[in-house]
Amino acid sequence: MYLLSVFAVILCFIFVRSMTMSGGIWEFMDFTSIALLVLLVVSIMLSAGLLKDLNNAIRLILGKKKEAAMLELKRAKLAVDTMIKVSVYSSIFVTMVQCVTLLHNLSDPAHLGPMISVALLIILYAVMISLLLLPIRAKLEQRILEYIPSYSENDEMGQDEERKKEEQKKIEETVS
């Protein structure tokens, strides 16, 4: 089901390309922008300690059905949410830096169009990342809402309730 969203993004590119009939797919490729986005996103996710959880989120949704603890599901959802935000904010940051550079080099108007398109490509990449992560986020949220604790978690919850009852009895005994 997740592949459906990937195919939708690819079909959008094909549709846009067929409507304009100019250039090729390489117009959408700027390896410097991709490298800057990857550098920023990976370093921020690593410093937040969520890179492992992002990998776990993808494994939980795209891999075989596996039982996961509630904490694991919530951390995975947090990692996906953070990844979406970081990719968008990083792309806006890089675009702003590229626009400042572009405005300093306005002496050559012939290069203005290509420079603007390169500046906007990184936002396109971030939106693509967000579009591809939204179904993963939705699936994680769905699994959190449908969560059924495993036997060991139920046992721990039962032990916690017994401890609370015992503590309540002790308090009642000391009061009376």
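This passage describes the nonpolar core of a predicted model and two of the helices that supply it. Local features require pLDDT of at least 70 and side-chain atom pairs count only at pLDDT 80 or more, while totals for chains, interfaces and linings use all residues. Residues are numbered from 1 along each chain as its sequence is written, and side-chain values use heavy atoms, with hydrogens and water left out.

The largest nonpolar core (buried Ala, Val, Leu, Ile, Met, Phe, Trp, Tyr and Cys residues joined through side-chain atoms within 4.5 Å) has 26 residues. Met-45, Leu-73, Val-80 and Leu-140 have the most contacts inside this core. At least two core residues come from each of the helices H2 (31-48), H3 (51-62), H4 (70-104) and H5 (112-145), helices being DSSP runs of H or I with at least four residues, numbered from the N terminus. The most, 8 residues, come from H4.

In H2, Ser-33, Leu-37, Val-41 and Met-45 are buried (under 20% relative accessible area, 1.4 Å probe, protein chains only). Because these buried residues fall within an arc of 75° seen down the helix axis, they line one face of H2; the arc is taken over directions from the axis to the C-beta atoms. They pack against H3, H4 and H5. Exposed residues (over 50%) on the other side of H2 are Phe-31, Thr-32, Leu-39, Leu-46 and Ser-47.

The buried residues of H5 include Tyr-125, Leu-133 and Leu-140. Beyond its neighbours within four places in sequence, Leu-140 is in contact (heavy atoms within 4.5 Å) with residues including Ala-57, Leu-73 and Val-80.
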